[in-house]
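Visitor: Please give me a close look at a single part of this structure, its strand arrangement, and then set that part in its surroundings.

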Amino acid sequence: MAPLPGGEPRPPAVVIAPVDLAARVDEALAVQALAFGLTDDEIGVRRHIVLRHLLNPGARALGATTPDGRLVGFVYGMPNSRTHWWSTVVEPYLRRAGNDGWLDNSFVITELHVAPAHQARGIGRELITTITDAAQEPRSILSAIDTESPARGLYRALGYVDLACQVHFPSAPRPYAVMGAPLPLRRHAP
């Protein structure tokens, strides 16, 4: 195995493929906890949310697994509905910005997380482009913490633009930005 710059061994290749997220929800939340800094209480709440989301028509998930079957990243999403809780929270912010039409006919990326040891290796990019390539909707929306971060940089590189900023979710300590992009996502910087 060829080393990475700096002499660290290159991690084993990961495979991006559909995953039974309901069956692997605890593994996925362990990845999210590492990537996003969740407490045990937050993990418990999110477990129920993920399982409920997966019941929505059109919901699907992809996983990034190592050759030994360990889940090191995941993405899931679904066709958006204005009746979903997330949509009811972001709609007033999008309306004020003149962008509430994005809630219609969009595929929403609900969660995308990669374990820190596997970040900056193209896994997140492959997860999000693969799941959106299968979408029937002409565009995609998502929310991300409203700060400059590698995640926001990735989303921008893929063609996402800010639709509303300083979006406050109940119980979230930091504001979010809602972003949207036409599909298919951009593969190369303009």
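Guide: Two strands are taken to pair if DSSP finds at least two bridges between them, and the elements themselves are DSSP runs numbered from the N terminus, with helices (H or I) of at least four residues and strands (E) of at least two. The model is a predicted one, in which local features need pLDDT of at least 70 and side-chain atom pairs count only at pLDDT 80 or more, whereas totals for chains, interfaces and linings use all residues. Residues are numbered from 1 along each chain as its sequence is written, and side-chain values use heavy atoms, with hydrogens and water left out.

The chain has five helices and seven strands, which follow one another in the pattern β-α-α-β-β-α-β-α-β-α-β-β. The seven strands form an open sheet of mixed pairing, ordered S1-S2-S3-S4-S5-S7-S6. At its edges lie strand S1 (15-18) and strand S6 (161-167), each of which pairs on one side only. From one strand to the next the twist averages 20°; for such angles, axes are lines fitted to C-alpha atoms (for helices over the stretch in contact), and the values run from 0 to 180 degrees between N-to-C directions.

Within the sheet, strand S2 (residues 60-65) runs antiparallel to S3, and six bridges join the two. They make a hairpin with five residues between the strands, and Gly69 in the turn has a positive phi of about 90°. Across this pairing, Thr65 stands opposite Leu71 of S3.

On its other pairing, strand S3 (residues 71-79) meets strand S4 (residues 106-114) in the antiparallel sense, over seven bridges. Two of the partnerships can be located by name: Tyr76 has Glu111 of S4 as its bridge partner, and Gly73 has Val114 of S4. S4 in turn pairs with S5 in the parallel sense over three bridges, where Phe107 finds its bridge partner in Ser140 of S5.

Burial, as used here, means under 20% relative accessible area, while exposed means over 50% and partly exposed lies in between (1.4 Å probe, protein chains only). On that scale S3 is mostly covered, with eight of its nine residues buried, and S5 is likewise mostly covered, with five of its seven residues buried.

As for what lies against the sheet, contact here means heavy atoms within 4.5 Å. Helix H1 (residues 25-36) packs on the sheet, touching S3, S4, strand S5 (139-145) and strand S7 (176-182), and its direction makes about 100° with that of S3.

Helix H5 (residues 150-157) offers a second view of the packing, its buried residues being Arg152, Leu154 and Tyr155. Because these cover an arc of only 160° around the axis, they lie on the same side of H5, the arc being that of the directions from the helix axis to the C-beta atoms. The buried residues of H5 pack against S4, S5, S6 and S7, and also against helix H4 (123-133). Just after H5, Gly159 takes a positive phi of about 110°.

Met179, found in strand S7, ties several of these elements together. With a relative accessibility of 0%, Met179 counts as buried. Neighbours within four places in sequence aside, its contacts include Ser140, Ile141 and Leu142, as well as Arg152, Tyr155 and Val161. Its C-alpha is 9.5 Å from that of Gly159, although 20 residues separate Met179 and Gly159 in sequence.

A contrast comes from Arg96, which is placed in helix H3 (residues 85-96) and counts as exposed because its relative accessibility is 61%. The C-alpha atoms of Arg96 and Gly122, 26 residues apart along the chain, are separated by 34 Å.

Finally, the whole chain gives the setting. Its radius of gyration of 16 Å agrees with the value near 16 Å that a compact globule of 190 residues would have, where the radius is taken over C-alpha atoms and the globule rule is 2.2 Å times the number of residues to the power 0.38. Of the 190 residues, 44% count as buried, and among the contacts with a separation of 6 or more, 65% come from residues 24 or more positions apart. An unreviewed UniProt entry carries the annotation "domain: N-acetyltransferase" for residues 14-184; positions from that record are given in the numbering used here, feature names are shortened, and annotations may be inferred rather than shown by experiment. Over residues 14-184 the chain is 33% helix and 29% strand.
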